[in-house]
Amino acid sequence: DIQQSKIIEIVELGDERGLLSVIEGNLTIPFDVKRVFYIYGTKEGIRRGFHAHYKTRQALISVSGSCKVYLDDLKRKDNVTLDSPKKILILEPNDWHEMYDFSPDCVLLVLASHYYDPEDYIRDYDKFVEVYGNGIL
Ligand code: T46
């Protein structure tokens, strides 16, 4: 299922001082990283995202706290829980996604393959179906 195919478990490097995890572009995750942002201080009950992309690939890590991600690639719909800094969720451009159930301490780190471009967003679900549907619906 989606949990299996889209989640990468990274190695936790630890010693007596504590823990450290590493993400290297094109090694740990399947793309070069051009942009990094993080979502935090999310208010209770908030659901955000509601889009897919044309080109951008992303890696999501909840480095603190937890949140959930609803995914829909028109073939499968699934809900993934990000509750560990070892779990990386890879989002392909054709993954419609919505993030929700943020814990108050959640820091959701996102690594992206492209610079920010509002034109790269598909925010209309019907448009998403038109672009990625390929007559499967
Ligand atoms: C995504 C999910 C996981 C920028 O100016 N530059 C940026 O690089 C980003 C990411 C956002 N912004 C501005 C655009 C909006 O005015 O920050 C504001 C909030 O962004 P947005 O409403 O797109 O946030 P989300 O949570 O809907 O989506 C974000 C990413 O935009 C998106 O690519 O896949 O996180």
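This report walks through the sheets, the core, the ligand shell and a few single residues of a predicted model.

**First sheet**

Start with an open sheet of 5 strands. Its order is E1-E9-E6-E11-E4, and the pairing is antiparallel. The edges are strand E1 (7-9) and E4, each pairing on one side only. Neighbouring strands here are turned by 25° against each other on average, with direction ignored.

At one end of this order, E1 and E9 run antiparallel and are joined by 3 bridges. Ile7 stands opposite Leu89 in E9.

**Second sheet**

Another open sheet of 5 strands has the order E8-E7-E10-E5-E12. Its pairing is antiparallel as well. E8 and strand E12 (121-122) are the edge strands, and each pairs on one side only. Strands of a sheet pair through backbone hydrogen bonds, either parallel or antiparallel.

The table lists the strand pairs of this sheet, with their bridges.

| Strand pair | Bridges and sense |
|---|---|
| E7 and E8 | 6 bridges, antiparallel |
| E7 and E10 | 5 bridges, antiparallel |
| E5 and E10 | 3 bridges, antiparallel |
| E5 and E12 | 2 bridges, antiparallel |

Single residues mark these pairs in the sequence. Cys67 stands opposite Leu82 in E8. Asp72 stands opposite Trp96 in E10. Arg48 stands opposite Met99, also in E10. His53 stands opposite Tyr121 in E12.

E7 and E8 form a hairpin with 4 residues between the strands. In this hairpin, Leu74 takes a positive phi near 75°.

**The nonpolar core**

Which residues have the most contacts inside the largest nonpolar core? They are Ala59, Leu60, Cys67, Val69, Leu82 and Leu89. The core has 18 residues. Five strands give two or more residues to it: E6 (58-64), E7 (67-72), E8 (77-82), E9 (87-91) and E11 (107-112).

Two names from the pairings come back here. Cys67 and Leu82 stand opposite each other, and both are among the residues with the most contacts in the core. Leu89, the partner of Ile7, is also one of them.

Look next at Ala59. Leaving out residues up to four places away in sequence, Ala59 touches Ile29, Ile88, Ile90 and Leu111.

Ile88 is found in strand E9. Is Ile88 buried or exposed? Ile88 counts as buried, because 22 C-beta neighbours lie inside 10 Å and the cut-off for buried is 20 or more. Beyond its neighbours within four places in sequence, Ile88 is in contact with Ile7, Ile8, Ile10, Ile23, Ile29, Ala59 and Ile61. One of these contacts spans much of the chain's numbering: Ile88 and Ile8 are 80 residues apart in sequence. In space, their C-alpha atoms are 5.0 Å apart.

**The ligand shell**

The ligand is surrounded by Arg35, Phe37, Ile39, Arg48, Gly49, Gln58, Val110 and Tyr116. Strand E4 (35-40) and strand E5 (48-53) each give two or more residues to this shell. E4 gives the most, with 3 residues. By type, the shell divides into 4 nonpolar, 2 polar and 2 charged residues.

The shell draws on both sheets. E4 is an edge strand of the sheet that begins with E1, while E5 belongs to the sheet that runs from E8 to E12. Arg48 appears twice in this account: in the shell, and opposite Met99 in E10.

**Loop residues**

Most residues other than glycine have a negative phi. Two loop residues call for a look on this point.

Asn26 has a positive phi of about 65°, although it is not a glycine. Asn26 sits in the loop between strand E3 (18-21) and E4. Asn26 counts as exposed, because only 9 C-beta neighbours lie inside 10 Å and the cut-off for exposed is 12 or fewer.

Asp101 has a positive phi of about 55° and is not a glycine either. Asp101 lies in the loop between E10 and E11. With 18 other C-beta atoms within 10 Å, Asp101 is partly exposed.

Asp105 has its place in the loop between strand E10 (96-100) and E11. Asp105 is exposed, with 12 other C-beta atoms within 10 Å. Apart from neighbours within four places in sequence, Asp105 is in contact with Ser64 and Gly65. Asp105 and Ala59 are 46 residues apart in sequence, and their C-alpha atoms are 19 Å apart in space.

Note on methods
Residues are numbered from 1 along each chain as its sequence is written. This is a predicted model: local features need pLDDT of at least 70, side-chain atom pairs count only at pLDDT 80 or more; totals for chains, interfaces and linings use all residues. A residue is near a molecule or strand if its C-beta atom, placed from the backbone, lies within 6 Å of it. Ala, Val, Leu, Ile, Met, Phe, Trp, Tyr, Cys and Pro count as nonpolar, Asp, Glu, Lys and Arg as charged, and the others, Gly among them, as polar. A nonpolar core is a set of buried Ala, Val, Leu, Ile, Met, Phe, Trp, Tyr and Cys residues joined through C-beta atoms within 7 Å. Two residues are in contact if their C-beta atoms, placed from the backbone, lie within 7 Å. Two strands pair if DSSP finds at least two bridges between them. Axes are lines fitted to C-alpha atoms, for helices over the stretch in contact, and angles run from 0 to 180 degrees between N-to-C directions.
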